[in-house]
Amino acid sequence: VCFCSWGVVSTQSTGYQVEYAMEAVGHAATCLGILANDGVVLAVERRNTINSLLDESFGSEKIYRLGSDAACSVAGITSDANVLTSHLRLIAQRYEFTYQESIPVEQLVRTVCDVKQRYTQTGGLRPFGVSLLYMGWDSRYGFQLYQSDPSGNYGGWKAACIGHNHAAAVSLLKQEYKEGGCSMKEALHLAVKVLSKTLDTNKLTAEKIQVATLTRQGDRTMIKVLSADDTNKLIGEYEVEAKKIEEEKKAAGSSKA
């Protein structure tokens, strides 16, 4: 074990503060991202929202619009997430003001990850206790999905999950995600399916999950957070489909017997 300006480092050269930050993310509400051929889906678990005194008019608590072509969801310490999302928005606006076009998605992610990494090795600072899923579009790479963690590492993904029960969700995504990609409708149904099997709830409702999509219409990027009615409709479609598959399995099993 050795010591440096930002704390204790384990024998595996991993900062304990980064490990603690990752642990905080592991206990946070689940966030799921799926890349489709014609867009990107973000689906998040909603916690502590079933309260008659809560004012919903101030917008989403887990999904943040970063610019005209990008948005993100967060898992971890909300106050840390607010600092990072404000910085992301500032980066995007400065780039757009300078070059009169939206910042490339990976450049946006890489810039904020440089900040996150600097916070792991500077005296008097601690790592941000939050992981983020980014969805975006740019003219070079099209639709993109990225994930970053408290250490500043990031990567591009076809499907990813952060937060509570992320290991089970990733395992299910590996089984269900089609190698050749999927449509937006299939991605939405897959997101609901994964959340229904990994969240600690008996039944999904719009009060327990929130879904956002990023698509293109003409030359504009459309970022939409689904309404409660649309979310319940999506959940209903999944439940009907799941029931049909279950009945087909039972029929097949009885015919073999």
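Let me start with the second largest pocket: its volume is about 340 Å³. Keep in mind that this is a predicted model.

Who lines that pocket? There are 18 lining residues. Nearest the centre lie Ser 102, Ile 103, Pro 104, Asp 138 and Ser 139. Now the elements. Helix H3, residues 105-118, and strand E7, residues 130-138, each give two or more residues to this lining. H3 provides the largest share, with 4 residues. On chemistry, the lining of the second largest pocket splits into 7 charged, 6 polar and 5 nonpolar residues.

Next, the largest pocket. Its volume is about 440 Å³. Here 15 residues form the lining. Closest to the centre are Glu 176, Lys 193, Tyr 238, Glu 241 and Ile 245. Two helices come up here. Helix H5 spans 184-198, helix H6 spans 228-256, and each supplies at least two lining residues. Which element gives the largest share of this lining? That is H6, with 6 residues.

What about the chemistry of the largest pocket? Its lining has 8 charged residues, 6 nonpolar and 1 polar.

So, two pockets to look at on the screen. For the largest, go to H5 and H6, and find Lys 193 and Tyr 238 among the residues closest to the centre. For the second largest, go to H3 and E7, with Pro 104 and Asp 138 among the residues nearest the centre.

Notes:
Residues numbered from 1 in each chain as written. Predicted model: local features only at pLDDT ≥ 70, side-chain atom pairs only at ≥ 80, totals over all residues. Heavy atoms only, no water. 1 Å grid on protein atoms, 1.4 Å probe; cavity = no way out; pocket = protein on both sides within 12 Å on 5 of 7 lines; lining within 4 Å. Points joined across faces, edges and corners; volume = space filled by probe spheres on them. Nonpolar A, V, L, I, M, F, W, Y, C, P; charged D, E, K, R; others polar.
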